[in-house]
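Colleague: Could we go through the labels on this model together? I would like to hear the reasoning behind each one.

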Amino acid sequence: MNTFLEQEVEPAKVERSLQLVAAAGFHWIRQEFPWEDIEISAKGDFWDHRWNKSAWEKYDRIVDLANKYGLEIIARLDNPPAWSRKVGNAPGWTKAPPDDYEDFGDFVYAVVSRYRGRVRYYQIWNEPNIFPEWGDQPPNPEAYVELLKVAYRRAKEADPDCVILAAGLAQTTEMSARNMSDLVYLERMYQAGAKDYFDIMGAMVYGLWTGPYDRRVSPDRTNFARVQLIREIMVRHGDAHKPIWATEVGWNALPKDFAGPAIYGRVSEEQQAAYAVEAYMRAAREWPWMGVMNYWFLRRPSDLEKDQAWYYFRMLEPDFTPLPVYGALSWLAKQPPVVHIGYHQEDHWALHYAGPWQHLRAEEAVLGAYALGREGATLDFYFEGTGLALVLRGPAQLDHLELSIDGRRVSLPRLVRSSEGASAITVAQWLKDGRHRAHLTVAEGELALDGLIVWRQPPFGSLLLVAGIALLASLALVLRQRLYQEERR
Amino acid sequence: MKRTAKWYKLIWLVLALLVLAALVYGEQRSLRRLMASWTGEEDLREQIKGTLALAYLRLTRLPPRTDPYVLLPMQGSLRTE
């Protein structure tokens with residue numbers, strides 16, 4: 001959930017916002033920590049001289065309250081102070097990068113070391129591929145990568161456990177002096193050596209003019225599905241093992257009487273709510289490489305920007321009145337967790353362990369950990385797909401296992417490959433595509449579970465579409481041929 | 001004789017088209033739902049255009065390679081955040 005808590009004048013409203021985020025069942029907030037608001041007047045000066053207090057005070061409060069409500073923060077670091085640039089805050093330059101990237105590195109070090117152990121996720125910059133986020137100059141992916149390298153190095157120096165997100169690139173097809181296509185920009189980022197300097201890819205995943213089920217994927221189209229092209233570039237550059245986190249996602253509920261142009265598309269508030277739910281569901285069902293999705297946005301402190309289209313992405317009114325999208329996503333967040341398609345670890349949040357299980361760390365395990373169950377241990381979960389495989393450690397232990405799916409006992413394969421490493425063993429396939437309940441019991445001995453894989457057979461919908469069009473074309477051809485023959489006769 | 005056969009064929013064709021039209025009319029709600037699930041469009045004209053565009057894309061471009069079954073650390077949880 002994107003928040004603007006740093007703009008709240010009253011601390012009580014910060015707390016109220018976070019209360020509502022937690023009450024809705026959301027778990028993450030993406031919150032800006034603007035450099036210009038922390039190291040305000042000069043390098044190394046973290047004092048707010050205007051109000052004569054520490055510039056950290058506001059951000060300490062946000063972090064404390066987020067911790068209090070069990071919320072994880074993604075801290076967005078950008079927005080340099082005027083002193084960091086020769087041009088200062090000249091029009092068009094207020095968000096431009098600093099002249100010396102090491103100044104930004106020092107700021108990153110200061111923030112990450114201050115919040116070590118309390119904030120783990122940091123995102124470096126925002127939409128550097130469009131104006132005004134890189135100042136009044138052409139977007140420069142190579143320069144952004146240099147900045148990212150400095151930030152990554154300094155953040156890891158401050159906290160080796162921190163996780164760095166690359167900036168979410170604005171969805172655009174434009175190639176101009178001020179804006180660059182996100183796909184071109186990302187390609188050039190990789191060519192400039194970005195690969196080793198971020199842990200998670202950020203992405204803007206707006207639907208704009210169409211709903212979340214728009215399946216048209218093309219570089220000349222900006223829609224919800226476009227993120228698959230970002231993923232494709234990552235895969236091509238050997239970064240398939242990194243997830244994408246949606247930096248921003250949402251639809252614009254622009255009122256009918258809004259005077260300006262609908263630059264982000266236009267939906268009703270009810271549609272906004274329905275689309276948001278469908279968007280999260282589609283990502284969960286179809287894109288296992290998609291991680292946290294941050295809705296854009298929770299609330300603005302006032303309605304001063306109501307003459308601007310972007311104001312209408314909001315989830316709460318400035319007086320905290322919820323819009324339909326808040327209730328809809330809250331409903332979704334409270335649904336029973338499901339394991340969707342993909343290769344998942346044994347600590348997936350939808351897995352319910354009961355009885356004698358131990359969660360152990362082991363270097364040789366996949367991602368360094370596994371779950372060891374002893375006689376009587378049970379595991380319950382819902383999964384959605386057409387097939388399920390268990391990833392087991394060591395010699396296959398299927399003889400120790402009883403598994404039922406949707407209440408029916410599954411006969412497990414007897415002969416399985418035995419190995420010291422992890423083995424993926426198919427326990428169900430060709431199921432009906434939908435939600436299934438799995439119940440696993442360790443009947444005797446031990447079971448070392450190192451993950452599970454859920455998959456779905458390719459849907460027939462698109463095949464049907466292509467086949468239908470091919471059939472119509474063939475019919476037209478046959479008919480034409482017949483008529484031609486008739487004419488000749 | 002030839003002319004009669006031609007008329008018969010034409011009648012059959014018209015009848016087939018009428019049956020097809022009736023089917024489309026009867027199933028228009030599910031057809032529209034299906035087209036919406038392909039195009040994300042609400043308007044019928046946009047749904048038809050979008051379906052044709054999707055078919056064209058499917059015929060001319062390979063689907064993006066996204067490697068969905070790769071193991072991903074730090075996947076987060078797919079909650080509504």
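Colleague: Why is A:Asn79 called partly exposed?

Modeller: A:Asn79 has 18 C-beta neighbours inside 10 Å. A residue is buried at 20 or more and exposed at 12 or fewer, so with 18 A:Asn79 counts as partly exposed. Bear in mind that this is a predicted model. The residue sits in the loop between E5 and H3 of chain A, and its phi is near 65 degrees, a positive value in a residue other than glycine.

Colleague: What makes a positive phi worth a remark?

Modeller: Most residues other than glycine have a negative phi. A:Trp430 is another residue on the positive side, with phi near 55 degrees. A:Trp430 is found in the loop between strand E19 (422-428) and strand E20 (434-442) of chain A.

Colleague: Is A:Trp430 buried or exposed, and how do you know?

Modeller: A:Trp430 has 7 other C-beta atoms within 10 Å. The limit for exposed is 12 or fewer, so A:Trp430 is exposed.

Colleague: Back to E5(A), then. What makes you call this strand mostly covered?

Modeller: Five of the six residues of E5(A) are buried. The strand spans residues 72-77 and pairs with strand E6 (residues 121-124) of chain A in the parallel sense over four bridges. Strand E2 (residues 28-32) of chain A also pairs with E5(A), again parallel, over five bridges.

Colleague: How do you know that these bridges are enough for a pairing?

Modeller: Two strands pair if there are at least two bridges between them. E5(A) and E6(A) have four, and E2(A) and E5(A) have five, so both meet the limit. You can follow them residue by residue: A:Ala75 stands opposite A:Tyr122 in E6(A), and A:Gln31 stands opposite A:Ala75 in E5(A). A:Arg76 stands opposite A:Gln123 in E6(A).

Colleague: Which strands make up the open sheet, and why are E1 and E7 of chain A at its edges?

Modeller: The order is E1-E2-E5-E6-E7 (chain A), five strands with parallel pairing. Strand E1 (2-3) and strand E7 (163-166) each have a single partner strand, so one side of each is left without a neighbour in the sheet. Within this sheet, E5(A), H3(A) and E6(A) make a right-handed β-α-β unit.

Colleague: How do you know that the length of H4(A) fits a helix?

Modeller: Helix H4 (residues 141-158) of chain A has 18 residues, and its first and last C-alpha are 25 Å apart. That is close to the 26 Å expected at 1.5 Å a residue. Its buried residues include A:Tyr144, A:Leu147, A:Leu148 and A:Ala151.

Colleague: What covers the buried residues of H4(A)?

Modeller: The cover includes helix H3 (101-114), E6, E7 and helix H5 (182-191) of chain A.

Colleague: There is a proline in the loop between E6 and H4 of chain A, A:Pro132. What makes its peptide bond cis?

Modeller: Omega is about 0 degrees for the bond that joins A:Phe131 and A:Pro132. A cis bond also joins A:Trp296 and A:Phe297, again with omega about 0 degrees. A:Phe297 is found in the loop between E10 and H8 of chain A. For context, most peptide bonds are trans.

Colleague: Which strands form the open sheet that holds E10(A), and what makes E10(A) an edge strand?

Modeller: The order is E8-E9-E10 (chain A), with parallel pairing. Strand E8 (201-204) and strand E10 (290-295) each have a single partner strand, so one side of each lacks a neighbour in the sheet. Neighbouring strands here are turned by 25 degrees against each other on average, direction ignored. Helix H6 (residues 227-236) of chain A packs on the sheet, touching E8 and E9, and its direction makes about 155 degrees with that of E8(A).

Colleague: How many residues does each chain bring to the contact between A and B?

Modeller: Chain A brings 56 residues and chain B brings 33. Among the elements of chain A that each supply at least two residues are H6, E10 and helix H9 (461-488). By class, the side of chain A has 35 nonpolar, 13 polar and eight charged residues.

Methods: Residues are numbered from 1 along each chain as its sequence is written. Chains are lettered from A and ligands numbered from 1 in the order in which they are written. This is a predicted model: local features need pLDDT of at least 70, side-chain atom pairs count only at pLDDT 80 or more; totals for chains, interfaces and linings use all residues. The expected span of a helix is 1.5 Å times one less than its number of residues. Two residues are in contact if their C-beta atoms, placed from the backbone, lie within 7 Å. Axes are lines fitted to C-alpha atoms, for helices over the stretch in contact, and angles run from 0 to 180 degrees between N-to-C directions. Ala, Val, Leu, Ile, Met, Phe, Trp, Tyr, Cys and Pro count as nonpolar, Asp, Glu, Lys and Arg as charged, and the others, Gly among them, as polar. A crossover is right-handed if, with the strands pointing away from the viewer, the path from the first strand over the helix to the second runs clockwise.
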